[in-house]
Amino acid sequence: MIELRNITKVYERAQKKITALDHVDLTIDKGDIFGVIGYSGAGKSTLIRLVNFLERPTSGSVIVDGTDLASCSPSQLRGVKREIGMIFQHFNLLQSRTVAHNVAMPLILAGKKKHEIEPRVAELLAFVGLEDKGSSYPNELSGGQKQRVGIARALASNPKILLCDEATSALDPETTRSILALLQRINKELNITIVLITHEMSVIQEICNRVAVMENGQIVELGPTLDVFLHPTHPTARNFVQTVMSTDVAVEEQMTTNANERVVQLEVMGDALNEPFIDLLGANHGLQTQILRANTVSVQQTKILILVLKLSGTQQQIAEGLTALRETGITVLEVATHV
Ligand SMILES: Nc1ncnc2c1ncn2[C@@H]1O[C@H](COP(=O)(O)OP(=O)(O)OP(=O)(O)O)[C@@H](O)[C@H]1O
């Protein structure tokens, strides 16, 4: 649906060159809620603004729905852009216009007639839960309500893609959750592909099915959100994951002094969560189990239990116990044998 091919973007300011994007390749599929995360200056805004050609690449191609944007005439480009809505951190509403007028803006600009605009605006306001706010002004609304107006406006021209530029960064956690739930509805009910940029891993965790981690204009980690959460490889990805869950196994946890001990990390999800697997390690395999650490985390409504266990028993008992765990569908990572 969206392809960025070998994109480099260099800004020139006062004869200084700043490489904001450095040979970026990225494919975002139809139906994705795709998250881009990175620290300030990583290149996230530049990347998202390329998708609707608010920025043009210095080199490389931006392909949206099969169309190479560089090859479009101005009128073709306007057509492509109409299919891409965008919402912003600071909402970008016209303060002197009513909520209804703000939502109607794209329709007015597209030359729609009043009798078409009014029912569409009412429908959009109802969709975002602001049916009674049409005649209010933006400064009479809360931050969350303002973002709902921004969302209604972005949806007015029936886009296929919605770009979200730090859309929840100015909102409190509760309001953030309600806006993220609205974005999920937009993705599911309206079949709109969503690309969002954020510096908060909790946003990625809540709604994104795939994520790219950026640093210094490059994508340093890319994959399904669950994979990146469970097995981040790049230090920056690991740092972001650690803002919402602990992943490192402490040094003391890795120490076992006995050849008949093994420290393992288990990742348990789905049906395996209902199994008495620790009891079975004792009952069926004669193993003693000490829980060193237990964490639960939810990624996109999937609950995961992460356990670090110290198992004590003969080598054979341990091997059989680990096989039984794997057969239950549990992922077993061996943290350490003995030192
Ligand atoms: N219009 C511009 N002119 C010059 N340099 C720019 C411009 N826009 C961005 N940059 C530079 O490009 C780099 C990437 O910026 P970008 O805004 O894409 O990063 P970001 O990850 O979105 O950061 P933030 O989270 O702070 O918005 C930064 O070094 C920034 O200073």
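User: What makes up the shell around the ligand by class: how many nonpolar, polar and charged residues are there?

Analyst: Four are nonpolar, seven polar and two charged. Here Ala, Val, Leu, Ile, Met, Phe, Trp, Tyr, Cys and Pro count as nonpolar, Asp, Glu, Lys and Arg as charged, and the others, Gly among them, as polar. Bear in mind that this is a predicted model, where local features need pLDDT of at least 70, side-chain atom pairs count only at pLDDT 80 or more, and totals for chains, interfaces and linings use all residues. Residues are numbered from 1 along each chain as its sequence is written.

User: Which residues are closest to the ligand?

Analyst: Y11, A20, S40, S45 and T46, out of 13 that surround the ligand. The test is a C-beta atom, placed from the backbone, within 6 Å of the molecule.

User: And which element gives the most to that shell?

Analyst: That's α1, with three residues. β1 (2–13), β2 (16–28) and α1 (44–51) each supply at least two. Helices (H or I, at least four residues) and strands (E, at least two) are DSSP runs, numbered from the N terminus.

User: Why is N158 called exposed?

Analyst: Buried takes 20 or more other C-beta atoms within 10 Å of a residue's own, exposed 12 or fewer, and partly exposed lies in between, with C-beta atoms placed from the backbone. N158 has 12, so it is exposed. N158 sits in the loop between α5 (143–155) and β7 (161–165), and its phi is positive, near 50 degrees.

User: What makes Q300 partly exposed?

Analyst: Q300 has 16 other C-beta atoms within 10 Å, so it counts as partly exposed. Its loop runs between β12 (288–299) and β13 (302–312). Q300 isn't a glycine, yet has a positive phi of about 50 degrees. Most residues other than glycine have a negative phi.

User: How do you know where the largest nonpolar core lies with respect to the domains?

Analyst: That core has 74 residues, and V51, V103, A152, L163, I194 and V195 have the most contacts inside it. Domain 1 (2–243) and domain 2 (249–334) both give residues to this core, so it lies between them. A core is a set of buried Ala, Val, Leu, Ile, Met, Phe, Trp, Tyr and Cys residues joined through C-beta atoms within 7 Å. The domain bounds come from an automatic or database domain assignment. A second, separate core of 14 residues includes V263, V264, L281 and L325.

User: What is the mean pLDDT of the protein?

Analyst: It's 91, and 95% of the residues reach 70 or more; pLDDT is the predictor's confidence in each residue, from 0 to 100.
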